Amino acid sequence: MASERDLMGGLAKGLKVIEAFSAEHPRLSISQAAEIAMLDRATTRRCLLTLAELGYAAYDGKFFTVTPKVLRLGTGCLATMPLPRIVQPLLDQLSERIGQSTSVSILDETEIVYVGRAAQRRVMSIALMPGSRLPAYCTSMGRVLLGALDISGRQSILERSHLEARTERTLIDMVALLAELEITRSRGYALIDQEVEVGLRSIAVPLLNMRGQTVAALNVGLPATAASMDVLVERYLPPLLGVQAELRGMLV
């Protein structure tokens, strides 16, 4: 473990400011970025202006947005991870076979991070791609990944999550969420009916390594008008389980 004197406080603060930008917050003022990053306004201002000067952010006089250059910070790292390289060919094949968008994600604190995606059509109002993040508590892949944790681990993450009702259907009660995670763990898959966004349904299964440990999650997302929840399970759970079985011998 590095000692405190070996750490660069400025770099740590700059990374917090970069992480403040998301699909839900693509444009931020200095005050908004400071609130999300939990930094003071002056520090946040210096970080944002430095990012703009280096070409990682654009500034219109009021709002900052990240530029495509910031992708250099993540895509290179993603490319070195074996998981995306392993799952992407199977994702592409699955998506083509069932005619729906498929994704693989991992858990990072209170969020899921997409590491692979094969899109047949846009099913959400925001564009999803490798590196995109969504809250774990209300997503099918998030619930699969949370369900794989022990009870204290699940509760700890939920307590640190911002449990907001994204739609009228979003489950935000802690007791109800913990019960749903236990159901998800027991049956081996998660179902989401318009909790992330109105009009979106999804089903997810865990991706297990050779030791039976959950290392990621795989899902299918589709418009709510395309299939009822019963049809969703009947039609898409078998192919998801097929990919799950195929990948188990490849993941470590």
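1. A starting point on size. The radius of gyration here is taken over C-alpha atoms, and the globule rule is 2.2 Å times the number of residues to the power 0.38. For the 252 residues of this chain, that rule puts a compact globule near 18 Å; the chain comes to 19 Å, so the value agrees with the rule. Please keep in mind as you read that this is a predicted model.

2. Overall make-up. The C-alpha trace spans about 55 × 40 × 40 Å along its principal axes. Nine helices and nine strands make up the secondary structure of the chain. Of the 252 residues, 45% are buried. If you take the contacts with a separation of 6 or more, 57% of them come from residues 24 or more positions apart.

3. Two domains. The chain is divided into domain 1, covering 9-73, and domain 2, covering 81-249. Between the C-alpha centres of domain 1 and domain 2 there is a distance of 29 Å. The points below take up a sheet of three strands, then R41, and after that the strands around β9.

4. The three-stranded sheet. This sheet is open, with the order β1-β3-β2 and antiparallel pairing. Its edge strands are β1 (27-28) and β2 (57-59), each of which pairs on one side only. Strand β3, residues 64-66, runs antiparallel to β2, and three bridges join the two. If you would like a residue pair to look for in the viewer, A58 stands opposite T65 in β3.

5. R41 and its surroundings. You will find R41 in helix α3, which covers residues 41-53. Is R41 buried, partly exposed or exposed? Its relative accessible area is 47%, so R41 counts as partly exposed, since that class lies between under 20% for buried and over 50% for exposed. Leaving aside residues up to four places away in sequence, R41 touches I30, S31 and A34. With S31 there is also a polar contact, side chain to side chain, at 3.4 Å. As a distance check, R41 and P135 are 94 residues apart in sequence, and their C-alpha atoms are 26 Å apart in space.

6. Strand β9. How many of the ten residues of strand β9 are buried? Seven of them are, so β9 (residues 214-223) is largely enclosed by the rest of the structure. Strand β8, residues 200-208, pairs with β9 in the antiparallel sense over nine bridges. Strand β4, residues 101-108, is also antiparallel to β9 and is joined to it by five bridges. V220 is a handy residue for seeing both pairings: I203 stands opposite V220, and T102 stands opposite V220 as well.

7. Two hairpins. β8 and β9 form a hairpin with five residues between them, and in its turn G212 has a positive phi of about 85 degrees. β4 and β5 form a hairpin too, with two residues between the strands, and there E109 takes a positive phi near 55 degrees. The strands of that second hairpin, β4 and β5 (residues 111-118), pair in the antiparallel sense over seven bridges. T102 stands opposite A118 in β5, in addition to its place opposite V220 in β9.

8. S103, a residue worth a visit. S103 belongs to strand β4 and stands opposite N219 in β9. With a relative accessibility of 0%, S103 counts as buried, because the class takes in anything under 20%. What does the side chain of S103 join in a polar contact? The partner is the side chain of R117, at 2.6 Å. Beyond four places in sequence, the residues that S103 touches include L91, Y114, G116 and M141. A217, L218 and N219 are also among them, as is R117.

9. Cysteines. The structure holds zero disulfides. In general terms, a disulfide is a covalent bond between the sulfur atoms of two cysteines. Where do C47 and C138 stand on burial? C47 has a relative accessible area of 12% and is buried. C138 is also buried, with a relative accessible area of 0%.

Definitions and conventions:
Residues numbered from 1 in each chain as written. Predicted model: local features only at pLDDT ≥ 70, side-chain atom pairs only at ≥ 80, totals over all residues. Heavy atoms only, no water. Disulfide = S-S within 2.5 Å. Buried < 20%, exposed > 50% of the residue type's maximum accessible area, 1.4 Å probe, protein only. Helix = DSSP H or I, 4+ residues; strand = E, 2+ residues; numbered from the N terminus. Pairing = 2+ DSSP bridges. Polar contact = N/O pair within 3.5 Å; in protein donor to acceptor, adjacent residues only side chain to side chain. Contact = heavy atoms within 4.5 Å. Domains from an automatic or database assignment.
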